[in-house]
Amino acid sequence: MNHQTKIAMLAIIIALIMPARAASQGMPVYDNTNFISLAKSLIESAKQTSQLLKTVNFLKQQKENLEKVNSVVKQLKAVQEIAENNHRLFDIVRDDLREILNSPYIKPEEVTRISDSFTSIIENSLEDLDFIDQILSSDYLKMTDAERASILKEKEMNSKEMVAEINQKTQRYRDIISFREMQDKINNRETDY
């Protein structure tokens with residue numbers, strides 16, 4: 001017997017028993033058709049409640065599915081942003097660092113220091129990429145999607161900071177080169193007076 005049938009049987013039993021008890025206690029006796037109508041109403045209400053519970057469960061499952069998809073989308077966006085930031089880092093190092101180091105206004109003793117500062121940023125970037133690969137390719141300590149998304153967001157912020165830092169260093173060295181070039185022109189200009 002399913003749940004709805006049990007409720008209907010209970011309503012019918014209540015309907016049949018109620019007038020007998022009510023009469024024995026000095027209460028007025030009612031027509032059983034009212035109780036049968038009440039039983040039918042209870043059965044219909046039970047059906048509607050059952051359907052409502054199914055709908056609530058379905059909506060709850062859909063909400064959980066949407067949250068999972070939303071978490072995955074956040075993870076994908078963070079990974080995409082990290083990849084783009086790392087691509088920018090490598091482009092800056094490949095192009096701008098070469099230009100800086102090839103400048104005649106950079107002293108030989110500065111080359112190692114400049115290279116080391118850029119190399120440390122790139123190494124941090126590569127370590128972050130390895131860590132991200134571990135997070136995405138394994139359960140990594142049984143992380144939830146939300147925890148994984150949080151770590152990826154943190155790494156995304158780190159990658160943005162690295163891009164800003166490397167841009168700042170590049171600009172600083174360009175300013176030094178520009179200053180030294182101007183200084184050289186001033187010091188070596190020909191005077192016609």
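## Confidence of the model

The chain has an average pLDDT of 76, and 72% of its residues score at least 70. The structure is a predicted model, and confidence varies among its elements. Helix α1, spanning residues 3-24, has the lowest mean pLDDT of the elements, at 59. The highest mean, 87, belongs to helix α4, which covers residues 145-187. Where pLDDT is low, the predicted coordinates should not be read in detail.

## Salt bridges in the structure

Side chains of opposite charge can pair when their charged atoms come close. Over the whole structure, 10 salt bridges are found. Those described below include pairs between helices, a pair within helix α4 and a network of three residues.

## Pairs between helices

Arg-180 and Glu-110 form a salt bridge through their side chains, with an N to O distance of 2.7 Å. Arg-180 belongs to helix α4 and Glu-110 to helix α3 (residues 108-137), so this pair ties together parts of the chain that lie 70 residues apart in sequence. Both partners fall under the 20% limit for burial: Arg-180 counts as buried because its relative accessibility is 18%, and Glu-110 counts as buried because its value is 10%.

A salt bridge also joins Arg-174 to Glu-99, and the closest N and O atoms of this pair are 3.6 Å apart. Here the link runs between distant parts of the chain, from Arg-174 in helix α4 to Glu-99 in helix α2 (residues 32-101), a separation of 75 residues. Arg-174 is partly exposed, at 29% relative accessibility. Glu-99 is likewise classed as partly exposed, with a relative accessible area of 47%.

## A pair within helix α4

Lys-185 is bridged to Glu-181, with 4.0 Å between the closest N and O atoms. The two residues are separated by about one helical turn, because they stand four residues apart in helix α4. Their accessibility classes are as follows: Lys-185 counts as exposed, at 55% relative accessibility, whereas Glu-181 is partly exposed, with a relative accessible area of 31%.

## A network of three residues

Asp-91, Arg-94 and Asp-95 are linked with one another in a network of salt bridges.

## Summary

Helix α4, the element with the highest mean pLDDT, contributes Arg-174 to the salt bridge with Glu-99 of helix α2 and Arg-180 to the salt bridge with Glu-110 of helix α3. Helix α4 also holds both Lys-185 and Glu-181, which form a salt bridge with each other.

How values were computed:
Residues are numbered from 1 along each chain as its sequence is written. This is a predicted model: local features need pLDDT of at least 70, side-chain atom pairs count only at pLDDT 80 or more; totals for chains, interfaces and linings use all residues. Side-chain values use heavy atoms; hydrogens and water are left out. pLDDT is the predictor's confidence in each residue, from 0 to 100. Buried means under 20% relative accessible area, exposed over 50%, partly exposed in between (1.4 Å probe, protein chains only).
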